[in-house]
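Hi,

Here is the structure I promised to pass on to you. My notes follow right below, so you can keep the viewer open while you read.

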Amino acid sequence: MVGDKMNLVTEQAKISHDPHTLFNYYLGANVLYAYHQIGLFDIVKPNQTVSVADIAFQTGSEIMRLKALLRVGEVLGYLSHYQDDSIQLSLLGEEMRKHIGYIIWSVGAYGDMLSRLGDLHTGVQGWSGLRDEGKVALGSDLMNSSILENLLSEVLDSFPFQSICDFGCGNGSKLINMLKRYPERKGVGIDISTAAIGLARQNVKHHDLSDRVTLLHANILDMNVSHNDIEVLGEVEVVTSFMMMHDLFNITEIRETLFDRLRNVFPKVKYFLISDTLQTPIPYLKEKLPIFNVGFELVHAYMDVYIPTKEEYDLAFQKAGLTIERCIPFGPTSTYLYVLKV
């Protein structure tokens with residue numbers, strides 16, 4: 001009986017990660033975020049070695065602190081450290097580079113909130129100021145951006161349009177990529193976050209797209225036909241939204257009329273392209289713990305935001321009179337791109 005109990009504890013530890021693993025990989029996540037912050041992934045290119053001295057020079061790092069950061073990466077298998085005091089990212093390190101958006105999202109954007117869950121559990125103390133909006137935008141943009149970009153290209157290639165709007169545009173990268181693919185089209189980006197729209201303006205200017213992109217710092221729910229930019233909005237035929245529909249879904253008083261409001265803002269809209277991560281059933285999470293989903297649902301619960309199920313989304317879109325032409329899974333578990341015809 002005792003042996004059975006010990007075996008059960010051992011098996012549960014393997015599933016949920018033992019204390020040693022939990023501690024060291026929490027540390028590793030923070031170190032990987034530090035690599036992003038100092039620009040290590042930009043300096044150490046794939047299949048190239050770079051001296052520690054050169055990294056210290058390029059990043060302005062104090063050499064002993066840099067070596068301590070790199071040592072953790074070596075111990076956890078993210079990089080190889082050679083006798084000539086140079087480093088190279090391992091295959092695991094390259095995988096971390098590929099998925100750095102998740103680290104930026106968790107450690108950078110929500111790190112303060114996650115470290116204070118015990119302080120916030122009563123709901124008396126608010127979470128305002130504990131989320132970095134700019135890093136939410138950057139992390140979200142980097143998560144599976146290449147997969148989503150390919151999906152969007154496939155969808156947008158299938159029907160004609162002259163103007164596209166991304167509301168909740170974040171740092172503007174997705175809108176910029178869409179307009180670079182379609183050089184004769186124009187775009188509008190809307191975001192309520194000052195930090196995000198500031199990043200978007202920088203990115204649009206950097207890509208020399210200011211003549212084709214209109215950026216609006218606004219709440220989409222406050223916009224209507226009398227808005228100052230109605231001429232630009234009135235030409236939009238495709239409206240996109242990435243990873244923010246769940247926030248609007250939680251405003252119960254407008255849930256039934258949301259798409260009526262959006263049609264009012266965009267009178268010529270023909271398609272809505274909506275992507276979002278939805279609620280993942282607990283049995284699936286226990287069977288195969290995916291990246292992102294548990295953390296996504298946790299921080300939103302602390303922000304009093306309910307994450308809908310796919311069935312709830314399907315029903316809401318149908319009630320709004322939209323035709324679900326396609327629902328394409330991609331990226332993290334329970335993440336979809338909806339192609340909705342008006």
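The lining of the largest pocket is made up of 20 nonpolar, 11 polar and 4 charged residues (Ala, Val, Leu, Ile, Met, Phe, Trp, Tyr, Cys and Pro count as nonpolar, Asp, Glu, Lys and Arg as charged, and the others, Gly among them, as polar). This is a predicted model, in which local features need pLDDT of at least 70 and side-chain atom pairs count only at pLDDT 80 or more, while totals for chains, interfaces and linings use all residues. Residues are numbered from 1 along each chain as its sequence is written, and side-chain values use heavy atoms, with hydrogens and water left out.

Since you will want the pocket criteria: on a 1 Å grid over the protein atoms alone, a pocket is an open set of points with protein on both sides within 12 Å along at least five of seven lines, a cavity is a set of points where a 1.4 Å probe fits but cannot get out, and lining residues have an atom within 4 Å of a point. Grid points are joined across faces, edges and corners, and a volume is the space filled by probe spheres set on the points.

The largest pocket holds about 1,400 Å³ of space. Its lining has 35 residues, and Tyr-25, Ala-29, Ile-103, Ser-106 and Ile-291 are the ones nearest the centre. Which helix gives the most to this lining? That is α2, with 8 residues. Among the other elements that supply at least two residues each are α1 (2-16), α7 (100-109) and α19 (293-302). Helices here are DSSP runs of H or I with at least four residues, strands are runs of E with at least two, and both are numbered from the N terminus.

Two of those helices also pack on each other: α2 and α7 meet at an angle of about 110 degrees, and their axes are 9 Å apart. That makes α2 roughly perpendicular to α7 (65 to 115 degrees; under 35 is roughly parallel, over 145 roughly antiparallel and the rest oblique). Axes are lines fitted to C-alpha atoms, for helices over the stretch in contact, and angles run from 0 to 180 degrees between N-to-C directions. On the α2 side the contact (heavy atoms within 4.5 Å) is made by Ala-29, Asn-30, Leu-32, Tyr-33 and His-36, and on the α7 side by Ile-100, Ile-103, Ile-104, Val-107 and Gly-108. By class, these are 7 nonpolar, 3 polar and no charged residues. Ala-29 and Ile-103 thus appear twice in these notes, as they are also listed nearest the centre of the largest pocket.

The second largest pocket has a volume of about 980 Å³. It is lined by 41 residues, with Arg-131, Glu-133, Ile-192, Met-244 and Asp-247 nearest its centre. Here α10 gives the most, 5 residues, and the classes come to 22 nonpolar, 11 polar and 8 charged.

Now the sheets, where two strands pair if DSSP finds at least two bridges between them. One is an open sheet of 7 strands in the order β6-β5-β4-β7-β8-β10-β9, with mixed pairing. β6 (213-217) and β9 (323-329) are at the edges with a single partner strand each, so one side of each has no neighbour in the sheet. The average twist from one strand to the next is 15 degrees. Within this sheet, β8 (271-277) and β10 (335-341) pair antiparallel over 7 bridges, and Asp-276 has Tyr-336 in β10 as its bridge partner. Helix α11 (145-156) lies across β4, β7, β8, β9 and β10, at about 15 degrees to β10.

The other is an open antiparallel sheet of 3 strands, ordered β1-β3-β2. β1 and β3 are joined by 2 bridges, and Ser-51 stands opposite Ser-86 in β3.

Finally, the enclosed space. How many cavities of 30 Å³ or more does a search of the whole structure find? There are 3. The largest has about 100 Å³, and among its 13 lining residues Ser-140, Met-143, Leu-148, Met-243 and Phe-330 are closest to the centre. The second largest has about 70 Å³. α11 gives the largest share of its lining, 4 residues, and by class that lining has 3 nonpolar, 2 polar and 3 charged residues.

Happy browsing!
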